[in-house]
Amino acid sequence: MATFKREYLFNSLFLAITALSSFLVIALLLGIFLVLLKESLPAFQRFGFLGFILSSSWDPVKENFGGAIPLFGTLVTSFFALILAIPIALGIAIFITEVAPKSLREPIGMAIELLAAIPSIIYGMWGLFTLAPIQSKYIEPFLQKTLGSLPYFGKLFSGTPLGIDIFTASLILSIMIIPFTASVARDAFQLVPPVLKESAYGVGATKWEVIKDVVIPYCKLGILGGIGLSLGRALGETMAVAFVLGNLNQFPSSLFSATATVTVKLANEFTEADKDIHLASLFYLALLLFIMSFTILAIAKYFIQRTGTK
Amino acid sequence: MKKYLFIILSILLLISCKAKEEAPKVSGKTLNGAGATFPYPLYSAWASAYYKEKGIKINYQSIGSGGGIRQITERTVDFGATDMALKPEEVEEKRLLQFPTVIGGVVISFNLPELGDKRLVLDGETLCKIFLGEIKNWDDPKLKALNPGVNLPSKPITPVYRSDGSGTTAIFTHYLSDVCPKWAKEIGFGTSVNFKAGIGAKGNEGVANYVKRTPYSLGYLEYAYAVQNKIRAADLKNAKGKIVSPSVESFKEAAKTSQLDPAKHFYAWMTNAPGEGAWPITGATYILLAKEKAEVNKEVLKFFDWAFQAGDKTALELHYVPLPEEVKSKVREYWKNQGL
Amino acid sequence: MIKRRKIINQIALFICFLTAVWGLFWLFFILFDVVRHGLTALTPSLILNDPAPPGVSGGGLKHAILGHTLITITATLIGVPIGILGGTFLAEYGRNWAFSRIISFLADIMVSVPAIIVGAFVYALFVKPIGHFSGFAGALALAFIMIPVIVRTTENMLSLIPWTLREAAFALGAPYYKVIFQIVYRGAGMGIFTGIILAIARVTGEAAPLLFTSFNNAFTSYNLREPLASLTVTIFQYAMGPYEDWHRQAWGASFLITLFILGLTLVGRYLIKRRFKH
């Protein structure tokens with residue numbers, strides 16, 4: 001009987017320890033939110049909400065800070081990265097599940113996953129030393145000569161091709177985020193009930209038509225979830241972009257402009273903001289980024305859960 | 001599972017043993033400093049020699065003058081370094097001590113493949129216009145006027161500035177404010193200003209890196225970085241209208257007319273100095289200490305005292321101007337008056 | 001009509017093939033570059049030497065390698081126990097509790113939260129109040145990134161153990177904690193270990209959270225209470241600088257890190273596959 005009581009105590013103790021550990025996750029989340037809120041309060045009080053996100057000035061001398069440009073830069077680089085990445089990622093998912101010979105499926109899938117495992121600072125190094133010079137010497141001038149002469153659309157390709165710009169940053173980001181959409185899409189495709197596909201083949205559809213009209217519509221939710229994951233990753237990416245974007249506080253006028261994003265601004269200016277309101281403004285940006293990426297990730301994960309994939 | 005735990009524990013044990021082994025060799029003392037990238041090559045060289053002689057580590061991280069000011073204000077480092085001297089009121093308000101260590105020049109580095117061996121001449125007004133984005137191309141008439149007989153290409157200029165909080169920026173923009181009323185009105189000077197044109201790079205290191213690799217770029221750089229990385233620097237027209245080249249002599253000439261006064265915590269600017277051969281963008285770099293940390297400050301001052309005595313040769317080799325002897329005695333007196 | 005559809009089919013599938021080529025092309029391009037530049041930089045002095053002042057050649061990465069190892073090991077020691085215990089709660093004691101699903105969902109999101117924000121958080125909490133940067137703060141930042149990852153993988157691995165195994169142990173009169181230790185952990189051991197490996201691989205490559213916590217150190221140090229150098233921050237510092245020697249070292253460091261992380265990732269994935277084969 002004595003041991004029974006002891007066992008009971010140990011059990012309760014263990015339960016408490018594990019429960020506390022799991023609550024730590026919530027504590028962390030709340031903690032981050034609260035700390036960011038507290039530190040950004042001075043900036044919020046001075047500039048307000050709309051005032052901050054709509055103001056494009058970032059002037060430490062006059063102590064006037066506005067988040068419009070970094071927020072815009074974050075959204076623009078992520079947007080272009082998604083445009084480049086999503087079709088590729090879907091194509092890869094289709095290739096792996098439908099086209100590739102069975103023996104190649106695992107290795108190719110694993111290789112694509114490796115793209116996500118490469119640390120972002122390596123992407124940054126490679127981007128700065130290898131990709132940017134190639135961009136500046138060959139790719140960007142080429143694009144300028146060809147696509148740049150189109151009306152309207154060509155405006156996107158104006159400006160001096162230095163290689164340190166939105167185009168390079170978005171390109172690198174797109175490569176990094178391919179695996180997230182690709183693996184979620186892949187899992188979703190594999191969950192399509194074979195019956196649906198068989199019946200389509202049965203009425204004479206080609207493989208592509210099955211994919212286009214049966215598989216993809218069925219997996220809409222999962223694919224959206226995967227896109228959301230990629231977007232969440234792109235929003236928060238720091239090091240890869242810091243090397244090749246330039247931290248220029250100006251609205252970009254073309255794909256070949258340098259600009260700033262929230263993460264790059266934080267990385268460059270955080271330890272160095274010598275005025276309190278400067279640091280508070282940086283925390284304000286961090287808070288906005290946190291809310292943005294949290295919301296997008298939450299929606300994405302919710303979609304993925306709904307489709308039953310992991 | 002148990003096997004793995006055992007392996008991990010034994011590795012940890014080995015590492016902690018090795019750590020204990022290393023400890024007696026080192027005197028265990030590290031002083032952490034952070035700030036200006038301007039004197040980083042020099043402080044780094046001094047620290048390396050000091051460690052060899054005394055076994056004390058001076059861990060200096062170059063994060064920009066803005067960073068130096070912030071970190072010492074927050075007391076997260078033992079000393080801060082800045083090329084933008086804090087005004088006496090600010091020094092008092094943040095309860096700091098401030099003194100200069102060495103003098104250097106900010107030069108205009110550029111990458112112009114067509115120039116060959118010829119020199120490039122600029123003046124305050126054209127620099128101002130380049131960084132305002134008003135002069136866009138290398139073959140602009142104003143540049144051509146300053147450089148007759150030089151074949152300037154018709155390519156756009158990429159100005160490079162500091163994306164981090166920088167004392168070098170402060171010195172450079174203070175000079176621009178001196179010579180260019182439009183700059184003074186619209187932009188002003190400071191460690192971080194609202195640049196209108198160009199690309200931002202992190203630290204003097206970043207600017208040097210960028211200018212070195214990007215043709216037709218132009219950036220302001222501390223002299224040692226230009227020399228160490230074999231980057232061309234332009235000559236400037238100074239206050240007297242004379243064209244001067246950057247050198248230890250022209251920096252010395254500019255420093256001669258400055259007023260380094262301990263009563264004002266040595267707050268002074270050396271830009272646009274009136275001397276005949278003075279380099280117009282010269283400045284001193286400073287150390288900031290937290291007033292209340294007497295013990296730590298004593299150790300930091302031991303290092304800089306050593307540097308004042310034994311470090312001049314290294315300073316000259318790296319193209320910095322050591323403080324003149326009178327200033328050094330003023331600084332030592334300042335330390336004594338603060339009880340250190 | 002059929003012919004046209006067949007052609008479209010061929011073209012579309014071929015394009016999918018091309019997308020796979022695009023993805024693999026970049027992978028091999030980047031890895032090739034890292035290996036090419038890194039191997040030439042890999043000399044014994046790179047690993048064994050202390051760093052030299054800028055512009056002086058002959059410096060090495062000893063300070064960064066040691067600092068990074070110390071920080072990562074400390075982060076693992078902090079993050080792994082908490083992560084495993086947390087995941088255990090979600091899969092065992094709390095498995096019928098609705099709130100557990102919420103914690104699980106939130107942990108999943110925390111896995112992808114921008115690392116730089118965690119760095120800013122730890123700076124505000126453990127650097128500013130304490131008064132100096134420290135390797136320990138860096139380890140804490142990394143641990144905070146690791147914990148959600150390990151909580152989720154532990155929870156997943158434990159849920160895979162069939163409930164009947166636990167029932168058999170209960171039927172014999174074992175208290176829950178004994179059931180967990182002796183039945184569940186033993187069965188899921190390899191899976192949990194794999195989760196740990198993947199978490200370490202993830203966290204070793206981080207630079208942003210270390211920028212404002214462990215900061216950097218120009219000397220080799222074993223003291224977690226001081227700022228410590230790390231490979232990733234050093235890569236950042238050296239790559240952004242103008243010195244050719246620094247660039248060379250940065251590539252060498254990149255090579256080492258990439259080798260380590262890709263190695264761990266491949267080992268982790270391999271272990272997962274093996275586990276499910278049995």
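The following legends describe close-up views of a predicted model.

**View 1. Overall fold of chain A.** Chain A contains twelve helices and two strands. Read from the N terminus, the order of its elements is α-α-β-β-α-α-α-α-α-α-α-α-α-α, with the two strands placed after two helices and ahead of the remaining helices. The C-alpha trace of chain A extends over about 70 × 65 × 35 Å along its principal axes. Of the 310 residues in chain A, 56% are buried. Among the contacts of chain A with a separation of 6 or more, 77% are between residues 24 or more positions apart.

**View 2. Strand β8 of chain B and its burial.** Strand β8 of chain B covers residues 217-222. Six of its six residues are buried, so the strand is largely enclosed by the rest of the structure. The burial applies to both faces of β8(B). One side presents B:Ser217, B:Gly219 and B:Leu221, and the other presents B:Leu218, B:Tyr220 and B:Glu222; each of these residues is buried.

**View 3. Strand partners of β8 in chain B.** Strand β4 of chain B, residues 96-110, is joined to β8(B) by five bridges, and the two run antiparallel. Within this pairing, B:Ser109 has B:Gly219 of β8(B) as its bridge partner. Strand β6 of chain B, residues 158-162, runs parallel to β8(B) and is joined to it by three bridges. Here B:Pro159 has B:Leu218 as its bridge partner in β8(B). Both of these β8(B) partners, B:Gly219 and B:Leu218, are buried, on opposite sides of the strand.

**View 4. Confidence along chain B.** The average pLDDT of chain B is 86, and 92% of the residues score at least 70. In residues 18-27 of chain B, the pLDDT is below 50. Beyond near neighbours in sequence, this stretch has six contacts in the model. Where pLDDT is low, the predicted coordinates should not be read in detail.

**View 5. Interface between chains C and A.** The interface brings 68 residues of chain C into contact with 68 residues of chain A. On the chain C side, helix α1 (residues 2-41) supplies the largest share, 19 residues. The side of chain C that touches chain A comprises 51 nonpolar, twelve polar and five charged residues.

**View 6. Domains of chain C.** The domain assignment divides chain C into domain 1 (2-41) and domain 2 (45-277). The centres of domain 1 and domain 2 of chain C, taken over C-alpha atoms, are separated by 32 Å. Six residues from domain 1 of chain C and eight residues from domain 2 of chain C form the contact. On the domain 1 side, the touching residues are four nonpolar and two polar, with no charged residues.

**View 7. Annotated regions of chain C.** An unreviewed UniProt entry lists "transmembrane region" at residues 12-32, 65-90, 102-126, 132-151, 183-203 and 250-272 of chain C. Two of these spans are described here. Residues 65-90 of chain C are 100% helix and 0% strand, with end C-alpha atoms 36 Å apart. Residues 132-151 of chain C are 85% helix and 0% strand, and the end C-alpha atoms lie 30 Å apart. UniProt (unreviewed entry) also places the feature "domain: ABC transmembrane type-1" at residues 65-272 of chain C. Over residues 65-272, chain C is 76% helix and 0% strand, and the end C-alpha atoms are 29 Å apart.

Technical notes
Residues numbered from 1 in each chain as written. Chains lettered and ligands numbered in written order. Predicted model: local features only at pLDDT ≥ 70, side-chain atom pairs only at ≥ 80, totals over all residues. Helix = DSSP H or I, 4+ residues; strand = E, 2+ residues; numbered from the N terminus. Buried ≥ 20, exposed ≤ 12 C-beta atoms within 10 Å, placed from the backbone. Contact = placed C-beta atoms within 7 Å. Pairing = 2+ DSSP bridges. Nonpolar A, V, L, I, M, F, W, Y, C, P; charged D, E, K, R; others polar. UniProt positions renumbered as here; feature names shortened; annotations may be inferred. pLDDT = per-residue confidence, 0-100. Domains from an automatic or database assignment.
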